[in-house]
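I opened a fresh notebook page for this model and set down what I looked up, starting with the overall fold and ending with the cysteines.

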Amino acid sequence: MGYTLAEKVWNSHIVRHEDGKPDLLYIDLHLVNEVTSPQAFEGLRLAGRSVRRPDLTLAMEDHNVPTIGIDKPIVDLTSRLQIQTLRENCAAFGINLFNMGSKDQGIVHVVGPQLGLTHPGMTIVCGDSHTSTHGAFGALAFGIGTSEAEHVLATQTLPLQPFKTMAVNIEGKLAAGVTSKDVILALIAQIGTGGGQGYVLEYRGEAIQEMSMEARMTVCNMSVEAGARAGLIAPDNKTIEYLRGKPHAPDEAEWASATQYWLSLASDLDAVYDAEVTLDAAQILPFVTWGTNPGQAVPISGHVPDPDEFSEERDRSAAKKSLAYMGLAAGTAMRDIPVDMVFLGSCTNGRIEDLRAAATVLEGQRIKDGLQMLVVPGSMQVKAQAEKEGLDRIFLDAGAEWRFAGCSMCLGMNPDQVPAGKRCVSTSNRNFEGRQGRGSMTHLVSPPVAAATAIRGTISTPADVVKTGTGH
């Protein structure tokens, strides 16, 4: 019997295996941020330990950083303390840190791939659940807790029970206007936010193969919203071409052997998965969430569901609670829901392709009067590239705000928050109660839908927008 991609990566990283005990896995890359690391570093100090491999540890300021006025002291005292603590810890333990505003700073899950730090076949961990993003390269990447982070810092290993595997087949071609964000929202709507619990999801099929690397990252990023520990896509020629020439990619002498190994990681034809689910790509439409978890989503052409139509009492109760929080009535057409704010960014949809897709919709248009739109690049490199292409002018001319890199409005840990009672359409990954700010209401969408919504002021697709300017 053959092995799956996840099993191949796992097996190649086992440092110690004993029956009845967790495997001890070697970790190739440990990503650190300011929010989840302070206790881990303090644990090292109390135990008198050093960081085992500072060269395999990378720190990033991303969650708490402001996206305007970055040359000034951080106003929020908690955010300022966390950033300063990270800087002190990195200096003390010899860890490379990307400071706010530096040319390679940004959201760590955007920066890692763009620098070529993420390679197929690696194990990658971070105190952030969306580490699953790196799985788009065929890396086994997942979030860890503070005590686990301390263990990795001290030993460069982690004790873990093997995960189960689930094949997710997206068969056929996507229709025009359907994005990778719609694919993952459709999957979560089908299997639920707990459908992937205990599994590593491997995405396969024609629709996945045709996606760009950035689109694949969006899919893997939101694997955790399905309850999965990680998401994976087998390396192929697109993976190789994406990594070619990146600063931390293998050099010319190692390139041939590296790429040969990467391509060997694909699941064997006779590999057996613990579970399997299939979606017809042609049936997937642009999606939007209506509730307070990513699984509460419908096509934009649909309506807010009636809680009484759910078969399970648990789902009925959850729907009623969500609609009460979101201020929505069953039967309301999704296209009729007005919004106050639009957020384009995050580790889910803050890459250059995401900005290009939104700019295509916004070019020659104006966002609706009274609506605020924040455009926040996922990294300073993305920001520079967007400005080189003139995308920043398109956003500014449309009336949007163009910001510096950071996690921004994805979560309420920095100044970019949705005020209580306001409704936001967001390209981020979570729509939990208060996620974007206390009392805020969030609808998750793709970048083109976010742009169209900003123009019309109600949840919309690009097809709903009548071009009034030069456009494309």
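How many helices and strands does the protein chain have? I counted 16 helices and 19 strands in the protein chain, keeping in mind that this is a predicted model.

Next I looked up the overall dimensions. The C-alpha trace of the protein chain spans about 60 × 55 × 45 Å along its principal axes. I then compared the radius of gyration with the globule rule: for 472 residues a compact globule would have a value near 23 Å, and the protein chain has 22 Å, so the two agree.

For packing, I noted that buried residues make up 59% of the 472 residues in the protein chain. Taking contacts between residues at least 6 apart in sequence, I found that 76% join residues at least 24 apart.

On the surface, the protein chain exposes about 18,500 Å², of which carbon and sulfur atoms supply 51%. I also looked up the charges, and the protein chain has 40 positive and 54 negative side chains, with the centres of the two sets 4 Å apart.

Last came the cysteines, where a search of the whole structure gave me 0 disulfides. C407 is in no disulfide, and the nearest cysteine sulfur, that of C410, is 6.5 Å away, whereas the cut-off for a pair is within 2.5 Å. I entered C407 as buried because its relative accessibility is 6%, which falls under 20%. C424 is likewise in no disulfide, the nearest cysteine sulfur being that of C410 at 10 Å. With 0% relative accessibility, C424 therefore counts as buried.

Note on methods:
Residues numbered from 1 in each chain as written. Predicted model: local features only at pLDDT ≥ 70, side-chain atom pairs only at ≥ 80, totals over all residues. Heavy atoms only, no water. Buried < 20%, exposed > 50% of the residue type's maximum accessible area, 1.4 Å probe, protein only. Helix = DSSP H or I, 4+ residues; strand = E, 2+ residues; numbered from the N terminus. Rg over C-alpha atoms; globule rule 2.2 N^0.38 Å. Contact = heavy atoms within 4.5 Å. Areas by Shrake-Rupley, 256 points an atom, 1.4 Å probe, with all protein chains shown as cover. Lys, Arg positive; Asp, Glu negative; His and termini not counted. Charge placed at Lys NZ, Arg CZ, Asp CG, Glu CD.
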